[in-house]
Amino acid sequence: MATTVDSGNQYDRAEEVKRFDDSKIGVKGLVDSGLTTIPRIFLHPPETLSDLKPKPKPKSVAIPTIDLSGPRSTVVEQVAAASRSFGFFQIVNHGIPVQVLDRMIASIRAFHELPTDVKARFYRRDAGTGVSFISNVDLFHSKAASWRDTLQIRLGPTLPELEHIPEVCRDDVVQWNLHSTTLGEQLMGLLSEGLGLDKDTIKNTTCLDARVMVGHYYPCCPQPDLTVGIASHTDPGVLTLLLQDHTGGLQIKHEGEWVDVKPVHGALVINIADILQIMSNDEYKSVEHRVLANPSEEARVSIAVFFNPSAREALYGPFAELTSPEKPAHYRQFIYNDYMRRFFTKELDGKTLTNFYKL
């Protein structure tokens with residue numbers, strides 16, 4: 001990050017970012033301080049801000065909602081169709097009690113609303129303990145920071161030592177790990193069958209094993225038209241399972257336009273991530289999505305579980321069963337560790353990784 005000059009005043013972005021990170025207070029701490037304008041490191045460029053303004057839509061578009069309690073053949077067909085057209089869908093009757101969902105949201109909210117000095121003990125950029133509280137995973141790589149804080153917890157292959165998980169959400173995280181793993185396995189089976197493959201095909205690539213949970217907290221932003229909650233990006237892993245509260249703000253890009261993913265109480269949002277698009281040889285779509293800065297007084301909370309391969313030195317690419325002389329592979333093979341290293345040394349900025357490995 002370079003030093004820039006504006007109106008005769010020296011502005012060292014790198015120094016401002018370091019000062020914010022060293023404070024360990026997060027965005028919530030800035031809000032609690034009573035500020036009425038956002039710090040300069042959060043100001044996004046005009047090309048990003050101009051795209052935030054809603055455009056008149058000729059028709060209302062909603063991502064598909066799929067009832068997992070339906071006949072399996074029907075559910076497979078619906079999941080595959082949604083994954084091919086939208087890359088996102090909501091699921092209901094998924095087997096996780098709504099009380100579990102509500103408690104999970106409440107416990108992540110409770111962590112983020114702990115006193116700043118208590119949360120600061122968890123603030124770290126290395127995830128050695130498996131638990132970290134940070135603001136912006138790409139803070140030191142992005143051109144502009146985003147208005148959110150995050151509690152990140154490694155769920156698999158093994159949970160961190162329980163004493164490292166904040167007590168205020170410990171029991172709920174342990175239960176959420178069990179529920180989300182079971183549901184993740186079910187979804188991978190449906191997605192495999194939707195490609196015409198054996199139901200264990202995706203699971204057998206170790207894509208159920210390495211799981212990371214992020215509990216995002218989006219406080220009220222005093223200038224929501226000047227920043228974002230999360231910049232436009234695609235997820236780098238295989239599959240993402242998202243629990244969001246009632247606030248709203250998540251949008252996906254569909255046919256060149258931004259579409260709201262309206263919260264449905266008791267539902268979960270599922271999206272295809274980059275590696276599954278690659279393994280499906282572009283049958284399934286990993287699409288750009290973002291979260292708007294939160295203009296309401298009540299903070300928005302969402303919890304995502306990212307499913308990733310645990311065989312980090314293995315080669316990944318399109319499934320052999322999905323390639324032929326008539327439909328050759330669209331991507332070259334790559335080592336997963338190299339892929340993730342590339343992801344974590346760039347900012348969240350749209351869809352760049354799949355393009356990098358395209359043949």
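Which residue of β6 does serine 132 stand opposite? In this predicted model, the partner is glutamine 152. To see the setting of that pair, let's begin with the two strands: β5 and strand β6 (residues 149-154) run antiparallel to each other, joined over 4 bridges.

Now step back to the whole sheet. It is an open sheet of 8 strands with mixed pairing, and you can trace the order as β3-β4-β12-β9-β14-β7-β6-β5. At the edges stand β3 (65-67) and β5 (131-134); each has a single partner strand, so one side of each is left without a neighbour in the sheet. Going from strand to neighbouring strand, the turn is 25° on average, with direction ignored. Helix α4 packs on this sheet, where it touches β3, β4 (88-92) and β12 (268-272), and its direction makes about 165° with that of β3.

Helix α4 also takes us to another helix. Two packed helices are described by the angle between their axes and the distance between the axes. Here, the axes of α4 (residues 72-85) and α7 (residues 170-194) come within 8 Å and cross at roughly 80°. Since angles of 65 to 115 degrees count as roughly perpendicular, that is how α4 lies to α7. If you'd like to find the contact on screen, look in α4 for Arg72, Val75, Val76, Val79, Ala80, Ser83 and Arg84, which meet Gly189, Leu190, Leu191, Glu193 and Gly194 in α7. Sorted by class, this contact of α4 with α7 has 6 nonpolar, 3 polar and 3 charged residues.

Follow α7 itself next. Its 25 residues reach 36 Å from the first C-alpha to the last, close to the 36 Å expected at 1.5 Å a residue. After α7 comes glycine 196, with a positive phi near 80°.

Charged pairs are worth a look too. Side chains of opposite charge can pair when their charged atoms come close. The structure holds 16 salt bridges, including one between lysine 28 and aspartate 32, whose closest N and O atoms are 2.9 Å apart. Both residues lie in helix α2 (residues 26-32), 4 residues apart, about one turn of the helix.

Finally, some backbone details in the loops. Most residues other than glycine have a negative phi, and most peptide bonds are trans. Glycine 156 and proline 157, however, are joined by a cis peptide bond with omega about 10°, and proline 157 sits in the loop between β6 and α7. Threonine 206 has a positive phi near 70° and belongs to the loop between α7 and β7 (210-218). Aspartate 282, not a glycine either, has a positive phi of about 75°; look for this residue in the loop between α8 (274-279) and β13 (289-292).

Notes: Residues are numbered from 1 along each chain as its sequence is written. Side-chain values use heavy atoms; hydrogens and water are left out. Axes are lines fitted to C-alpha atoms, for helices over the stretch in contact, and angles run from 0 to 180 degrees between N-to-C directions. Angles under 35 degrees count as roughly parallel, over 145 as roughly antiparallel, 65 to 115 as roughly perpendicular and the rest as oblique. Contact means heavy atoms within 4.5 Å. Ala, Val, Leu, Ile, Met, Phe, Trp, Tyr, Cys and Pro count as nonpolar, Asp, Glu, Lys and Arg as charged, and the others, Gly among them, as polar. Two strands pair if DSSP finds at least two bridges between them. The expected span of a helix is 1.5 Å times one less than its number of residues. A salt bridge is a side-chain nitrogen of Lys or Arg within 4 Å of a carboxyl oxygen of Asp or Glu.
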